[in-house]
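Biologist: Could you take me closely through one part of this model, a small sheet and what lies across it, and then set it beside what can be said of the interior and the cysteines? I would welcome a connected account.

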Amino acid sequence: MDIEFPSEFVWGAATASYQIEGAWNEDGKGQSIWDTFSHTSGKIYNGDTGDTACDHYHLYKKDVALMAELGLHAYRFSTAWTRIFPEGRGKPNRKGRDFYDALIDQLLDQEIDPWLCFYHWDLPQALQDKGGWQNRDMVYWFADYAAFVAEAYGDRVKHFLILNEPNVAALLGHMLGLHAPGKSDFMTFIAASHHFNLATGLVTERLRSLSTEWQLGTVLNLQPVHPEKDTDEDMEAAELFHALMNRNVLDPLLKGQYPNETEAMLSSVVQDDDLRQIAQPLDFLGVNCYTRMLIKSDKKSPFSIAQASPPKGSELTAMNWEVYPKALYESLKNLQENYGNPRVFVTENGAAYKDELNARGEISDTARIRYLERHLEAVKEAMEEGANVSGYFVWSLLDNFEWAEGYAKRFGLIHVDYETQKRTPKQSFSWYQDVIREQGFDRS
Ligand code: FCB
């Protein structure tokens, strides 16, 4: 075996509530900001919504059976806050709570470890109406909800993930208006960024006081940032973007401080004691990484930063993201070298391609397999050089609702026909099955 992983390495796959569940208004579920956003015309490609998505809410048993066939050790999913608290706070909704109880039991029946993320972007609309993440009170509402969920399922769930990619939610949802809640305002972005960090620390502290049994982590999107050209302007823009996207979450969580570049911007929202509150020790960090960010200076863009196109001739996925496996290596090495080598799980990595069923009804997604192989090689290389990586989760188990791109982009190891809800495992599914069974693969 060319690429072999330690026997205790955790192999998983990830999904998120809004992207797969559907049943958007069933059994007492309240409305989330993603329900609102996707129902607003012009926000999502093709007018798609997550109303039905993969109908996982009804088909979860089938999906868990597929996970068992795949041989997953762990399954990362998120709870929809609005199923459990339709209005975000107040009286819990029994049926919503029961759904995750049943899902967790089904997973455990199949010996799949449930990894539960409290928040994968589907904030209750009722809380958005009170200002959402711009409002400092959100931090406390979120901590109450997370504590409730942890207590409800924590007899069986041992791994909790606090937030999914707060840095992306802050930027795309509050500064660029591309994701829910669709805000494009600098101060909203700044406030949301800080409140996400504060929420991470507060939830960690709260959950520690409830149990010492749980492994607590949070999920960050960490893409290395490279300047398009070696000019001072581009290098400065890249440094600033790295501070805004990566260091603005890493530094407070792991070093108890904000980067010099963003400290002044944040001064109106950071209060005494916040940085101590944020820097609670976590058991692990979840790293999501798909590509690198290529940045150029552009005086007309916010912060004078613009994304540059990948170099001519680059291999691209269907998202037009550059295939650049070294990005994952660099993100892992950055944590090793600059942040005390925390325990890390790669909590998302994967690729969208234009998958098509052939005449035999199969999907031969060799480009996805190659993408995954090359990224696992990058993980292995970082580990050989000392990076503290303990597991890897593919994004995603199923094709699903890819946010602003709707159903146009397919990331799954399993193809979903959205008309019939038929699941068809792709070739990458069999490939991953082998990888898990063998704890690695031969370089192709
Ligand atoms: C990440 C998100 C995830 C998915 C992938 C492609 O940023 O966390 O939900 O959409 O991108």
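Modeller: In this predicted model, strand β9, which spans residues 293-297, is joined to β10 by three bridges, and the two strands run antiparallel. One residue pair can be named within this pairing, since S297 has I305 of β10 as its bridge partner. The two strands belong to an open sheet of three strands, ordered β7-β9-β10, in which the pairing is mixed. The edges of the sheet are formed by β7 (225-227) and β10 (305-307), each of which pairs on one side only. Direction ignored, neighbouring strands of this sheet are turned against each other by 45° on average. Across β7, β9 and β10 lies helix α10, made up of residues 232-255, and this helix runs at about 125° to β9.

From the sheet I turn to a histidine in a helix. H375 is found in helix α14, which covers residues 366-384. With a relative accessible area of 0%, H375 falls under the 20% limit and is therefore buried. When neighbours within four places in sequence are left aside, the residues in contact with H375 are Y290, V323, Y324, P325, L328 and N349.

The interior can also be described through its largest nonpolar core, which has 150 residues, and of these F118, F142 and Y432 touch the most other members. Helix α7 (residues 137-153) supplies the largest share of this core, namely twelve residues. For Y432 the surroundings can be given residue by residue: apart from neighbours within four places in sequence, Y432 is in contact with W11, G12, L70, L72, Y392, V394 and L413.

There remain the cysteines. A disulfide is a covalent bond between the sulfur atoms of two cysteines, and the structure holds zero of them. C54 is in no disulfide, and the cysteine sulfur nearest to that of C54 belongs to C117, 17 Å away. C289 is likewise in no disulfide, its nearest cysteine sulfur being that of C117, at 18 Å. Because the relative accessibility of C54 is 0%, this residue counts as buried, and C289, for which the value is 0%, counts as buried as well.

Note on methods: Residues numbered from 1 in each chain as written. Predicted model: local features only at pLDDT ≥ 70, side-chain atom pairs only at ≥ 80, totals over all residues. Heavy atoms only, no water. Disulfide = S-S within 2.5 Å. Buried < 20%, exposed > 50% of the residue type's maximum accessible area, 1.4 Å probe, protein only. Helix = DSSP H or I, 4+ residues; strand = E, 2+ residues; numbered from the N terminus. Contact = heavy atoms within 4.5 Å. Core = buried A, V, L, I, M, F, W, Y, C linked by side-chain atoms within 4.5 Å. Pairing = 2+ DSSP bridges. Axes fitted to C-alpha atoms, helices over the stretch in contact; angles between N-to-C directions.
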